[in-house]
Amino acid sequence: MVDKSRQNEAFDSLDERHRKAVILLFEDELTDEQIAKSVNRSRATLSKWKKDPLFQQAQQEYRKIALDSYVPDAIKHLNELALNSKSDMVQLQATQTILNMAGYGTVNSNVELDKAKVRKANAEADIAEAKSKMLNDTDTGAVNINITPFGDDGDGC
């Protein structure tokens with residue numbers, strides 16, 4: 001078993017203001033000026049905190065804590081996509097992701113997914129070729145060239 005308290009040493013070692021700043025920075029809803037004000041510090045102080053290695057480590061730890069809490073819902077959503085999506089490609093990708101996460105495959109080793117990617121690339125190439133042909137077919141090939149003799153200023157002299 002992993003000792004979770006050891007994983008959050010930097011975050012837990014910060015005072016309340018620093019921890020609040022870490023959380024607000026992660027949430028990314030306020031400007032740095034607003035965050036500094038909410039922790040009763042100047043923008044310059046917050047900037048200094050952001051350069052501190054301990055603060056940066058605390059940010060990484062908090063990011064992991066916060067993102068770990070999203071994982072169960074993300075997996076449920078992937079399962080819903082795998083079971084209920086109207087697109088076969090979405091179902092395939094969601095299923096493959098779940099299997100990869102469970103250790104039953106790798107992202108690069110799915111034959112069906114590779115075939116689907118080839119079909120998509122071929123379709124995109126066909127579309128590009130059709131657009132190019134359409135542009136070439138509408139071009140009349142006519143070129144207008146205006147030639148003005150050197151020294152002719154239009155007064156006939």
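1. Helices and strands are taken here as DSSP runs, with at least four residues for a helix and at least two for a strand, numbered from the N terminus. On that basis, the elements of the protein run α-α-α-α-α-α-α-α-α from the N terminus on. The secondary structure comes to 9 helices and 0 strands. The model is a predicted one, and the points below should be read accordingly.

2. Confidence deserves comment before any detail. The mean pLDDT of the protein is 84, and 82% of its residues reach 70 or more. Over residues 1-5, however, pLDDT stays under 50, and for this stretch the model has 2 contacts beyond four places in sequence. Where pLDDT is low, predicted coordinates should not be read in detail.

3. Some overall values follow. The protein has 157 residues, of which 19% count as buried. Its exposed surface is about 12300 Å², and carbon and sulfur atoms supply 55% of that area. Among contacts with a separation of 6 or more, 40% are accounted for by residues 24 or more positions apart.

4. The packing of H5 on H6 may be considered next. Two packed helices are described by the angle between their axes and the distance between the axes. Helix H5 covers residues 43-51 and helix H6 covers residues 53-68; they pack at an angle of about 75 degrees, with axes 5 Å apart. Since angles of 65 to 115 degrees count as roughly perpendicular, H5 and H6 are therefore roughly perpendicular to each other. On the H5 side the contact involves Trp49, Lys50 and Lys51, which meet Pro53, Phe55 and Gln56 in H6. By class, this contact has 3 nonpolar, 1 polar and 2 charged residues.

5. H5 also meets H3. The axes of helix H3, residues 16-27, and of H5 come within 12 Å and cross at roughly 85 degrees. This crossing makes H3 roughly perpendicular to H5. Arg17, His18, Ala21 and Leu25 of H3 make the contact with Leu46, Trp49 and Lys50 of H5. By class, the contact of H3 with H5 has 4 nonpolar, 1 polar and 2 charged residues. Trp49 and Lys50 thus appear in the contact with H3 and in the contact with H6.

6. Is Asp32 buried or exposed? This residue lies in helix H4, which covers residues 32-38. Buried means under 20% relative accessible area; at 17%, Asp32 therefore counts as buried. Not counting residues up to four places away in sequence, Asp32 touches Leu25, Arg43, Leu46 and Lys50. Of these partners, Leu25 of H3 and Leu46 and Lys50 of H5 also take part in the contact between those two helices.

7. Two loop residues merit a look at their backbone. Most residues other than glycine have a negative phi. Asp28, although it is not a glycine, has a positive phi of about 55 degrees. Asp28 is found in the loop between H3 and H4, and with a relative accessible area of 62% it is exposed. Asn40 likewise is a residue other than glycine with a positive phi, near 55 degrees. Asn40 lies in the loop between H4 and H5 and counts as exposed at 54% relative accessibility.

8. A final point concerns H8. Gln93 has its place in this helix, which covers residues 88-101. With a relative accessible area of 36%, Gln93 is partly exposed. How many residues separate Gln93 and Leu113 in sequence, and what is their C-alpha to C-alpha separation in space? The two are 20 residues apart in sequence and 7.4 Å apart in space.

Notes:
Residues numbered from 1 in each chain as written. Predicted model: local features only at pLDDT ≥ 70, side-chain atom pairs only at ≥ 80, totals over all residues. Heavy atoms only, no water. Axes fitted to C-alpha atoms, helices over the stretch in contact; angles between N-to-C directions. Parallel < 35°, antiparallel > 145°, perpendicular 65-115°, else oblique. Contact = heavy atoms within 4.5 Å. Nonpolar A, V, L, I, M, F, W, Y, C, P; charged D, E, K, R; others polar. Buried < 20%, exposed > 50% of the residue type's maximum accessible area, 1.4 Å probe, protein only. Areas by Shrake-Rupley, 256 points an atom, 1.4 Å probe, with all protein chains shown as cover. pLDDT = per-residue confidence, 0-100.
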